[in-house]
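Q: Please examine one part of this structure closely, and then set it beside other features of the same structure. Which contacts are made there, and between what? A formal explanation for a first-year student would be welcome.

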Amino acid sequence: MTEARGSAGSGGRAHTRYASGTPCWVSLMAHGLTATQDFYSALFGWEFRPGPHQLGPYARALLHGEEVAGIGQLPPDRHLPVAWTPYLASDDVDSTAESVRLCGGTIGVGPLDAGDAGRLAIGSDPAGAVFGLWQAARHLGTGVTGVPGSPAWNELRTFEAAGVVKFYETVFGHERDTGADADADHITLKLAGRPVAGIRGMGNTLPRDRGSHWLTSFQVSDADDALRRVRDLGGRILTPVQDDPRGRVATVADPEGAVFSVVELRG
């Protein structure tokens, strides 16, 4: 797997801003904030501290003292899907949000200020996959990568990769790399030649109850042990551990149904 990093190296800490278009943060909106924090704390070793509350109760997850993800609480009267959402870095959220609209996407939240942390918007691409935009101020984004418990990769799962890649190229300046396997509907998105995310066309195997969506992978030291812990903590195993070029990967869901992957990277 090629890891999506801003300015951090393997096991490194990001001290500068992420390049525009790079996944820089992941955030989960859940119904039970305390129970959800307990699940991820036990699974990944995260600790939590309060974050901006512009969208309601919110906490940032810490790994080795560095921020790696956010978990917020959905309003009780909002029956929205519980899902992990990647945020793409932007130098100007307002301008990027307008580009999203002009290119056939939608903006559902914002742009708005998140205190002194930065400015954000939440939108979707023309196929309906939800993502966030983040313009950093005090909060630069994920502070550590390349270690167990940190985000490792973000991949868009959609019906057909070619049908949506132009949107990301135009809005974020991504370059496409279709790889050597011409039969696989998979595109790697790059910035300045560096892989930052992927798009996988799934055709009729795309889950009808989810539609197009972004899937976040978190690094673990032992994929089999991670699956045991997911099960013991009340989560579900959606696909068992499989070997692929990235390492040993499995897809799971937390107790509220938020889907994510765990990956044991190749050494």
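A: Two strands are said to pair if DSSP finds at least two bridges between them. The strands themselves are DSSP runs of E covering at least two residues, helices are runs of H or I covering at least four, and both are numbered from the N terminus. The model is predicted, so local features require pLDDT of at least 70 and side-chain atom pairs pLDDT 80 or more, while totals for chains, interfaces and linings use all residues. Residues are numbered from 1 along each chain as its sequence is written, and side-chain values rest on heavy atoms, without hydrogens or water.

The part chosen for a close look is strand β12, which spans residues 194–201. Six of the eight residues in β12 are buried, so that the strand is mostly covered (buried means under 20% relative accessible area, exposed over 50%, and partly exposed in between, with a 1.4 Å probe and protein chains only). Strand β12 has a pairing with β9, residues 151–158, in which the two run in the parallel sense and are joined by four bridges. Within the pairing of β9 and β12, E155 stands opposite G198 of β12.

Strand β12 also pairs with β11, and here the sense is antiparallel, with six bridges between the two. L189 has A197, a residue of β12, as its bridge partner. Strands β11 and β12 form a hairpin, and two residues lie between them. A192 belongs to the turn of this hairpin and has a positive phi of about 55°. Strand β12 is thus described here with two pairings, a parallel one with β9 and an antiparallel one with β11.

From β11 the description can continue to a side-chain contact. K190 and D177 form a salt bridge in which the closest N and O atoms are 2.9 Å apart (a salt bridge is a side-chain nitrogen of Lys or Arg within 4 Å of a carboxyl oxygen of Asp or Glu). Because K190 lies in β11 (residues 186–191) and D177 in β10 (residues 175–177), the pair ties together parts that are 13 residues apart in sequence. D177 itself counts as partly exposed, at 29% relative accessibility.

The structure as a whole holds 16 salt bridges. One of them joins the side chains of R119 and D94, with 2.8 Å from N to O. R119 belongs to strand β7 (residues 118–124) and D94 to helix α2 (residues 93–102), so this contact ties together parts that are 25 residues apart in sequence. D94 has a relative accessibility of 36% and therefore counts as partly exposed.

Another salt bridge is formed by R248 and D243, whose closest N and O atoms are 3.7 Å apart. R248 is partly exposed, at 24% relative accessibility, whereas D243 reaches 58% and counts as exposed. These two residues belong to a network, since salt bridges that share partners join D224, D243, R248 and E264.

Contacts between rings can be described in a similar way. The whole structure contains 19 aromatic pairs (rings of Phe, Tyr and Trp, its six-membered ring, with centres within 6.5 Å; planes under 30 degrees apart are stacked, over 60 edge-to-face, and the rest tilted). The pair of F44 and W46 counts as tilted because the ring planes stand at 40°, with the centres 5.1 Å apart. F44 is buried, with a relative accessible area of 8%, and W46 is buried as well, at 1% relative accessibility. W46 also pairs with F48, and this pair is edge-to-face, with 6.4 Å from centre to centre and 75° between the planes. F48, at 23% relative accessibility, counts as partly exposed. F44, W46 and F48 are members of a cluster linked by ring pairs, which also includes F39, Y40, W84, F218 and F260.

Finally, a loop offers a contrast with the strands. P75 lies in the loop that connects β4 (66–73) to β5 (84–89). P75 counts as partly exposed, because its relative accessibility is 32%. P75 and A30 are 45 residues apart in sequence, yet their C-alpha atoms are 9.1 Å apart in space.
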